[in-house]
Amino acid sequence: MKAVVIEHFAIPLSIQQVADPAPEPHGVVVKVMANGVCRSDWHAWMGHDSDVVLPHVPGHELAGTVEAVGKDVTRWRVGDRVTVPFVGGCGHCPECHSGNHQVCDSQFQPGFTHWGSFAEYVSIHYADVNLVALPETLDFSTAASLGCRFVTSFRAVVDQGRAAPGQWVAVHGCGGVGLSAVMIATALGANVVAVDISEDALTLAHKLGAVATVNAGEVVSVVEAVREITRGGAHVSLDALGHPTTCFNSIGNLRKRGRHVQVGLMLADHSTPAIPMSQVIANELEIFGSHGMQAHRYGDMMAMIESGKLTPERLIGRRITLEQSIEALVSMDKFESAGVTVVTQF
């Protein structure tokens, strides 16, 4: 099969012909019909993730059809239209038994723990636990865009942040994760303040429902700007970028007993950011992480998509070829385009 291969960290990738994957006894092979280009893939290419062993095929936001089925799989057949969370559970550990597959003790992640979906085919483990069926009404490009950024935002806003109608939600960083959070929080009836340094991103955030925007490059203090807009601070705030500055601002702009959700990855030099701990203690703030979403939680999100309350297709920016994905991937840290870039031609 044709695939994008990382042979050396932070060195240009290449398109290569590699062996087709075979399904694990508990897994399937998916023919990739669409694959999102995510900043997490950039982290893998840079060598920030210890799970990545070279040579390596990145990619974790995928949708497609089942091509081959392992002997122990009972729920899936060749030809089924599917997607999968970027964090998969084994189904057997204590965390999985508690329903928290997103923090499985033996989790697998396509594009990190094993070869991913910047390729014509990808192997998916523990298929009966992790695959999600796609309705015919949902196109593959939109389905692929759900796999990391949208579902992580859904869990961050709904399950971790517990955003409620009428509350103020601040979203720091309006890339794919942040724009997803804007849309989801708005659908829940919350009032969203979007923060970014790109006017294009802020314009799109406004179109997706943000009632106010803050250009972080044009204000003296993001924290004070958000506090002024929300008349005292956000009830829920998300760092959707993953940077010490956005993390600090997200915590700092909370009102008393507010909830910060860390969504953007904090890796390498950013792994130990400074936070205003005195404020956390004095104001009884809550700090949460958000790491993907379990396959069994897709139902509520899919229902909101089918009802029209959520329209993730509006987040899609460019549709590109596998060859073009190399430039798109290595440029992820430049934040040059708004919306989600999806590979649709392999």
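**View 1. N35 of strand β3 meets its partner in β15.** In β15, N35 is bridged to V343. That pair is part of a longer story in this predicted model: β3 and β15 are joined by three bridges and run antiparallel. β15 covers residues 340–345, and it also supplies at least two residues to the largest nonpolar core, which gets its own view below.

**View 2. Strand β3 and its other neighbours, β4 and β6.** Here we stay with β3, which spans residues 28–37. Is this strand mostly covered or mostly uncovered? Covered: eight of its 10 residues are buried. Turning to β4 (residues 61–69), you'll find eight bridges linking this strand to β3, with the two running antiparallel. One spot to look for is V30, whose bridge partner in β4 is V66. Then there's β6 (residues 121–124), again antiparallel to β3 and joined to it by four bridges. Look for V28 here, standing opposite I124 of β6.

**View 3. The largest nonpolar core.** This core has 51 residues, and the ones touching the most other members are V169, L238, M301 and L310. Several helices and strands each put in at least two residues, among them α5 (176–187), β9 (191–196), α6 (199–207) and α10 (298–307). Which element gives the largest share? That's α4, with nine residues. Elsewhere sits a second, separate core of 23 residues, including M1, W45, V57 and V330.

**View 4. Zooming in on L238.** Leaving aside residues up to four places away in sequence, what does L238 touch? Its contacts include A156 and V157, then the run V169, A170, V171 and H172. A181, S250, V261 and V263 are on the list too. To place some of these, α4 covers 140–160, β8 covers 168–172 and β11 covers 234–239.

**View 5. Two cysteines without a disulfide.** A disulfide is a covalent bond between the sulfur atoms of two cysteines. How many does this model have? The count is zero. C104 is the first one to look at: the nearest cysteine sulfur belongs to C90 and is 3.6 Å away. The cut-off for a disulfide is 2.5 Å, so C104 isn't in one. C104 is also buried, with a relative accessible area of 3%. C174 is in no disulfide either, and for this residue the nearest cysteine sulfur, that of C38, is 15 Å away. Like the other cysteine shown here, C174 counts as buried, at 3% relative accessibility.

Technical notes. Residues are numbered from 1 along each chain as its sequence is written. This is a predicted model: local features need pLDDT of at least 70, side-chain atom pairs count only at pLDDT 80 or more; totals for chains, interfaces and linings use all residues. Side-chain values use heavy atoms; hydrogens and water are left out. Buried means under 20% relative accessible area, exposed over 50%, partly exposed in between (1.4 Å probe, protein chains only). A nonpolar core is a set of buried Ala, Val, Leu, Ile, Met, Phe, Trp, Tyr and Cys residues joined through side-chain atoms within 4.5 Å. Contact means heavy atoms within 4.5 Å. Two strands pair if DSSP finds at least two bridges between them.
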